[in-house]
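Visitor: Got a minute to go through a model with me? I'd like to start with the ligand.
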Amino acid sequence: MPPSSSSPASASASASGAAPVIVWFRDDLRLADHPALSHAVASGAPVLCLFVHDPRTAPSGAAQWWLHGGLCALRDDLSRMGATLHVAHGDATVLVPRLAQQAHAAQVVWNRRYDPQGRETDTTIKAALKQDGVAAHSFAASVMHEPWTVRTRAGDAFRVYTAWWRAARAMGDPPPPLPAPRRIGDAGMPDGWRAECVGIDALGLLPVAPDWAGGLRATWHPGEAAARARLREFVQDDMAGYATARDRPDLPATSMLSPALRFGHISPRQAWHAVACDGAAGAEDRAKFLAELGWRDFAVSLLYEQPELVRSNFRTEFDAMPWRDDARDLHAWQQGRTGYPIVDAGMRQLWQTGWMHNRVRMIVASFLTKHLLMDWRVGEGWFRDTLVDADIASNVVNWQWVAGCGVDAAPYFRVFNPVLQGKKFDPDGTYVRRWVPELAHLPASRIHCPWTCAPAEVPRGYPAPIVGLDEGRARALSAWRGLSGAT
Ligand SMILES: Cc1cc2nc3c(=O)[nH]c(=O)nc-3n(C[C@H](O)[C@H](O)[C@H](O)COP(=O)(O)OP(=O)(O)OC[C@H]3O[C@@H](n4cnc5c(N)ncnc54)[C@H](O)[C@@H]3O)c2cc1C
């Protein structure tokens, strides 16, 4: 059953005197189109803005770096509205009810999340609050279509993206985004919170010794203002041609909004309406971008329906796949030293910036799960640690999709050839030159296959291919054919 929800319009009726409303921020670090915040402000009650850093659900690695910046930006944005961001660290199932009691709160409100661990946590907290006589209200904010709203005629969940998308489109546009509140009536620090709350720095989210985040700092500006500026810029300047150019990692053709969507600096509804209303890009470009946003929702829906996908193959015949466990090959893949330039460029872009172009994500994932015959969960774990946009649903669903074991997945026998993919999607070698500078002097005709150069031209220090393309492909297909039910 869907969680309960109430609209901002009905809020004032549920406020009780001057008891505060706690707005619990999670993956929604913004002020605009934040239904929980709008509900709290509309209630007229004093507001307490809370973030709980719960190690059980917190991001790691590069996404943890992003979280620090996102929290600082939210703190500053709230402060301009006259409100304080209170930050606590620990088990949210213990902390949220305790903080609500200490604040004598009338309500705790939040925007819903749909991943297995998040849902479990929220259900526990809702029950605890209820027991304490504190109302809890949750709202839809981080997807355009909540998982239980898009159904087949028989009322079942969709398993095929195109059918899901058709049904979602038939439901019409998502509701328009809410404006940010003009002012937030802050409740002040309740007794007891001083002992529980810490500064953002005390969460220790930034890397020290070594500080590996230089490339991230040079690439990104976490926060709502930067996300909205990027959305505007993308819609006005970069979106024309998106439908075809989005597959080209050498061009600045995609929005790079994935971390902003992951941390909720903008909502998908805001992105949808900004793009759908834009006159500059063609209808095809707009439709393609909206369909990509749809993939994000679809991934959320799949994981909602089948939480076990986090660890388990959707297609269970893949449980018998003889995945290889080879530390040397894995290290070469992680470090961008496989000898295949497009793979190495992607893995180095990821390491340096915390992000990788979607086409290249598919190429490196195919290379790991097919040419190297390694378990998709190994790659998923590496992405989880190194992506600033690491998102449980998008990551797991896309890895399973590429590996052939997922819902509506690409067939396993479709093995991306990294040389042909490089030539097709990075035709001049611009992307490879940028991320694998030791190959920069090679002509476009050789840059995706440096082993074909004259010996004097082959750059010293760049590795020979760690696996032959034919050999890797044949090994993968032979392993796959050995599975019962492989199709
Ligand atoms: C193996 C693999 C792992 C991935 N892991 C993640 C992940 O952890 N987090 C993540 O946000 N995306 C993930 N993706 C999806 C996709 O690569 C990124 O969302 C996209 O590259 C982000 O770049 P962009 O914002 O410029 O995308 P744009 O092309 O501008 O697309 C706009 C938005 O649509 C959504 N989107 C686009 N493609 C997809 C997709 N295939 N699946 C789900 N949502 C999509 C994203 O939110 C994106 O920001 C993964 C893809 C692969 C193949």
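Guide: Sure. This is a predicted model. In it, an N or O atom in the side chain of N358 is 2.7 Å from an oxygen atom of the ligand.

Visitor: And how much of the ligand does the protein bury?
Guide: The protein buries 97% of the 820 Å² that the ligand exposes when taken alone.

Visitor: Back to polar atoms. What does T254 do there?
Guide: T254 has a polar side-chain atom 2.7 Å from an oxygen atom of the ligand. With L257 the atom is a backbone N or O, and it lies 3.0 Å from an oxygen atom of the ligand.

Visitor: How many residues surround the ligand?
Guide: There are 27, and the closest are Y242, T254, S255, M256 and N358. By class, the shell has 15 nonpolar, 7 polar and 5 charged residues.

Visitor: Which helix gives the largest share of the shell?
Guide: Helix 13, with 5 residues. Helices 11 (258–262), 13 (283–305), 16 (358–371) and 18 (392–403) each supply at least two residues.

Visitor: Where does the ligand lie with respect to the domains?
Guide: Between domain 2 (143–175 + 224–305) and domain 3 (316–481), because both give residues to the shell around the ligand.

Visitor: Different topic. At what angle do helix 15 and helix 17 pack?
Guide: About 40 degrees, with the axes 9 Å apart. Helix 15 covers residues 341–353 and helix 17 covers residues 376–386.

Visitor: Which residues meet there, in helix 15 and helix 17?
Guide: M347, L350 and W351 from helix 15 meet W382, F383 and T386 from helix 17. By class, that contact has 5 nonpolar residues, 1 polar and no charged ones.

Note on methods:
Residues are numbered from 1 along each chain as its sequence is written. This is a predicted model: local features need pLDDT of at least 70, side-chain atom pairs count only at pLDDT 80 or more; totals for chains, interfaces and linings use all residues. Side-chain values use heavy atoms; hydrogens and water are left out. A residue is near a molecule or strand if one of its heavy atoms lies within 4 Å of it. A polar contact is a pair of N or O atoms within 3.5 Å; within protein, one must be able to donate a hydrogen and the other to accept it, and residues adjacent in sequence count only if both atoms are side-chain atoms. Accessible areas come from the Shrake-Rupley method with a 1.4 Å probe; for residues, only the protein chains shown count as cover. Helices (H or I, at least four residues) and strands (E, at least two) are DSSP runs, numbered from the N terminus. Ala, Val, Leu, Ile, Met, Phe, Trp, Tyr, Cys and Pro count as nonpolar, Asp, Glu, Lys and Arg as charged, and the others, Gly among them, as polar. Domain bounds come from an automatic or database domain assignment. Axes are lines fitted to C-alpha atoms, for helices over the stretch in contact, and angles run from 0 to 180 degrees between N-to-C directions. Contact means heavy atoms within 4.5 Å.
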